[in-house]
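The following exercises introduce a structure step by step. Each task is followed by a worked solution.

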Amino acid sequence: MRRYGKHTDEDDIRSRPNRKGNRPRTHIRPKHEDAAEGLVLTVDRGRLTCLVEDRVVMAMKARELGRKAAVVGDRVALVGDLSGKKDTLARIVRIEERVSVLRRTADDDDPYERVVVANADQLAVVAALADPEPRPRLIDRCLVAAFDGGLTPLLVMTKSDLASPDELLGLYGALDIPYVVTSREELENGAAADLVREHLDGKITAFVGHSGVGKTTLVNTLVPEDRRRVTGHVNAVTGRGRHTTTSALALPLSSAEGGWVVDTPGVRSFGLAHIDPSRVINAFPDLVPGTEGCPRACSHDEPDCALDAWVAEGHADPARLYSLRRLLSTRERKEGD
């Protein structure tokens, strides 16, 4: 074994060759100032379909982004082959700052949150009035996620020919949420799409609801086949005559004002483990001033909450406080309660 003394020559010391090349590693990342802007339309097993100007481009995430993942609705910067031709692949090198996020967890005990849609303006919660029966707790959870993520909610009730919407509307009247009521016939002949479209023009709207409520049927009517071809994506898996959405997909509206709809997979649960209850109060601006006298870290549903006195003095409608507390307590209740 060779031993080196105090005065060894540098040439005597063996160095391990760099098998991956001679370029030294650096923590300085390229800025990609010439990257093109794009919109993520859908994500499928690591491949992202993006719209770059008027071209649909397939892309993958650059390694330098690490664990940061792009989702439908993200504004991204791309480099590489942006021609959109078959068998070409671009690279996403930057994900721009998001203005809103719709997030959920698998259940209330799951610490891992999933971003469903980014940069949406509003969340359309689709619920059937019958067949299947409405699930108010699931609607509540979707509303909490919308308020927390910076999305404006829209309530879309289907199958009004089977049941009256009055009871469900009574639960959310104090929230001043815009709503649309449609029947099965209107859903099938396209009249429902016309009613809903008035709330969608010029906006990015994510649609959410559990299976069987008519969500994807409504989206299919809103976005005709010729607009679907713009995305170059087959959005559904066919099973016994029924189309079931398996991943979130952004589709362009054909109105003069433009806009996008994002169809999301049907949900069985909507976990809120990631929600900070203190942010939900921001969706109730008429109640916010009353929280100034609340104790520190007040849950707004406890004996010392200042909102009780604020409402009793006539500063706000008691129904609004009831609605706030019902939404805040939805994390402690199962969706089927």
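A residue is called buried under 20% relative accessible area, exposed over 50% and partly exposed in between (1.4 Å probe, protein chains only). The model is predicted, so local features need pLDDT of at least 70 and side-chain atom pairs count only at pLDDT 80 or more, while totals for chains, interfaces and linings use all residues. Residues are numbered from 1 along each chain as its sequence is written, and side-chain values use heavy atoms, with hydrogens and water left out.

**Exercise 1. Classify alanine 273, and state where it lies.**

Step 1. The relative accessible area of alanine 273 is 27%, so this residue is partly exposed.

Step 2. Helices (H or I, at least four residues) and strands (E, at least two) are DSSP runs, numbered from the N terminus. In these terms, alanine 273 belongs to the loop between strand E15 (260–263) and H7.

Step 3. Arginine 104 is 169 residues away from alanine 273 in sequence, yet the two are 7.8 Å apart in space, C-alpha to C-alpha.

**Exercise 2. Describe the chain as a whole.**

Step 1. The secondary structure comprises nine helices and 15 strands.

Step 2. The chain has 337 residues, of which 45% count as buried.

Step 3. Accessible areas come from the Shrake-Rupley method with a 1.4 Å probe; for residues, only the protein chains shown count as cover. The chain exposes about 19,400 Å², and carbon and sulfur atoms supply 47% of that area.

Step 4. A contact means heavy atoms within 4.5 Å. Among the contacts in the chain with a separation of 6 or more, 64% come from residues 24 or more positions apart.

**Exercise 3. Determine in which sense strand E5 pairs with E3 and with E4.**

Step 1. Two strands pair if DSSP finds at least two bridges between them.

Step 2. Strand E3 (residues 55–61) pairs with strand E5 (residues 90–95) in the parallel sense, over three bridges. Here lysine 61 is opposite isoleucine 92 in E5.

Step 3. Strand E4 (residues 75–80) pairs with E5 in the antiparallel sense, over five bridges. In E5, arginine 94 is opposite alanine 77.

**Exercise 4. Examine strand E9 and its pairing with E8.**

Step 1. Strand E9 (residues 152–158) is mostly covered, as six of its seven residues are buried.

Step 2. E8 and E9 run parallel and are joined by seven bridges. Alanine 128 has threonine 158 in E9 as its bridge partner.

Step 3. Threonine 158 also appears among the contacts of threonine 182: leaving aside neighbours within four places in sequence, these are Met157, Thr158, Lys159, Ser160, Ala192 and Leu195. Threonine 182 is in the loop between strand E10 (179–181) and helix H3 (184–189), and its relative accessibility of 1% means that it counts as buried.

**Exercise 5. Find what lines the largest cavity.**

Step 1. On a 1 Å grid over the protein atoms alone, a cavity is a set of points where a 1.4 Å probe fits but cannot get out, and lining residues have an atom within 4 Å of a point. Grid points are joined across faces, edges and corners, and a volume is the space filled by probe spheres set on the points.

Step 2. By this rule there are three cavities of 30 Å³ or more. The volume of the largest is about 60 Å³.

Step 3. Its lining consists of Val125, Val126, Ala127, Arg135, Leu138, Ile139, Cys142, Gly209 and His210. Strand E8 (122–128) and helix H1 (136–149) each supply at least two residues of this lining.

Step 4. Ala, Val, Leu, Ile, Met, Phe, Trp, Tyr, Cys and Pro count as nonpolar, Asp, Glu, Lys and Arg as charged, and the others, Gly among them, as polar. The lining therefore divides into six nonpolar, two polar and one charged residue.

**Exercise 6. Identify backbone features in three loops.**

Step 1. Most residues other than glycine have a negative phi, and most peptide bonds are trans.

Step 2. The peptide bond from aspartate 131 to proline 132 is cis, with omega near 5°. Proline 132 is in the loop between E8 and H1.

Step 3. Arginine 45 is not a glycine but has a positive phi of about 50°. This arginine 45 is in the loop between strand E1 (36–44) and strand E2 (47–52), and its relative accessible area of 78% makes it exposed.

Step 4. Asparagine 119 also has a positive phi, near 65°. Asparagine 119 is in the loop between strand E7 (114–118) and E8, and is buried because its relative accessible area is 9%.

Notes:
1 Å grid on protein atoms, 1.4 Å probe; cavity = no way out; pocket = protein on both sides within 12 Å on 5 of 7 lines; lining within 4 Å.
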